[in-house]
Amino acid sequence: MATFYAAGYICILADAIEHGDAELQVDRVAWENTLTAAEGAMVEQMRGRLHGPTAITAEDIERMRRLRELGSAALSGGERSPELGPLALRSMESLFGPDWQHAARKAASYARALNQEFHPRSRT
């Protein structure tokens, strides 16, 4: 579930940055917690303790860490790195394989609902 919600938050943030939205629409704490959990799940998958739709590599995990850092900086009002968009797309492909776009859109819908439940002041 962590990777599913991570994909949702990644999709929401990447779309907001791509469209130049002033409000990035993701709670920073939710971002940090969810992407950290997704990284942990990816490590467990790489070790063979969990199974997913794709084979996870150390490079995939490092990419997710970098994405978490860049996203956190953007959500804290810092730089919106041009690297964030392409990194987000590659990370979602690592998590869900060739059907990542469908999975990411579905995950974004669920992440918006979750974000509203726990962070009602957010506009997501």
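Trainee: How far apart are the end C-alpha atoms of H1, and what span should its 17 residues have?

Mentor: The idea is to compare a helix's end-to-end distance with its expected span. In this predicted model, the end C-alpha atoms of H1 lie 24 Å apart, which agrees with the 24 Å that 17 residues should span at 1.5 Å a residue.

Trainee: Is H1 mostly covered or mostly uncovered?

Mentor: H1 is mostly covered, with 13 of its 17 residues buried. Just after this helix, Gly20 adopts a positive phi of about 70°.

Trainee: What does the span comparison give for helix H3?

Mentor: H3 covers residues 58–75, 18 residues in total. From its first C-alpha to its last it reaches 26 Å, close to the 26 Å expected at 1.5 Å a residue. Just after H3, Gly77 takes a positive phi of about 90°.

Trainee: Which helices do the buried residues of H3 pack against?

Mentor: Packing is read by taking the buried residues and asking what they touch. The buried residues of H3 include Asp60, Ile61, Arg63, Met64 and Leu67. Those buried residues of H3 pack against helix H1 (2–18), helix H2 (28–46) and helix H4 (84–96).

Trainee: Why does Ser94 count as buried?

Mentor: Buried status requires under 20% relative accessible area. Ser94, found in helix H4, counts as buried because its relative accessibility is 5%.

Trainee: Which residues is Ser94 in contact with, leaving aside its neighbours within four places in sequence?

Mentor: With those neighbours left aside, Ser94 contacts Thr54, Ile56, Asp60 and Arg63. Asp60 and Arg63 are themselves among the buried residues of H3.

Definitions and conventions
Residues numbered from 1 in each chain as written. Predicted model: local features only at pLDDT ≥ 70, side-chain atom pairs only at ≥ 80, totals over all residues. Heavy atoms only, no water. Helix = DSSP H or I, 4+ residues; strand = E, 2+ residues; numbered from the N terminus. Expected span 1.5 Å × (residues − 1). Buried < 20%, exposed > 50% of the residue type's maximum accessible area, 1.4 Å probe, protein only. Contact = heavy atoms within 4.5 Å.
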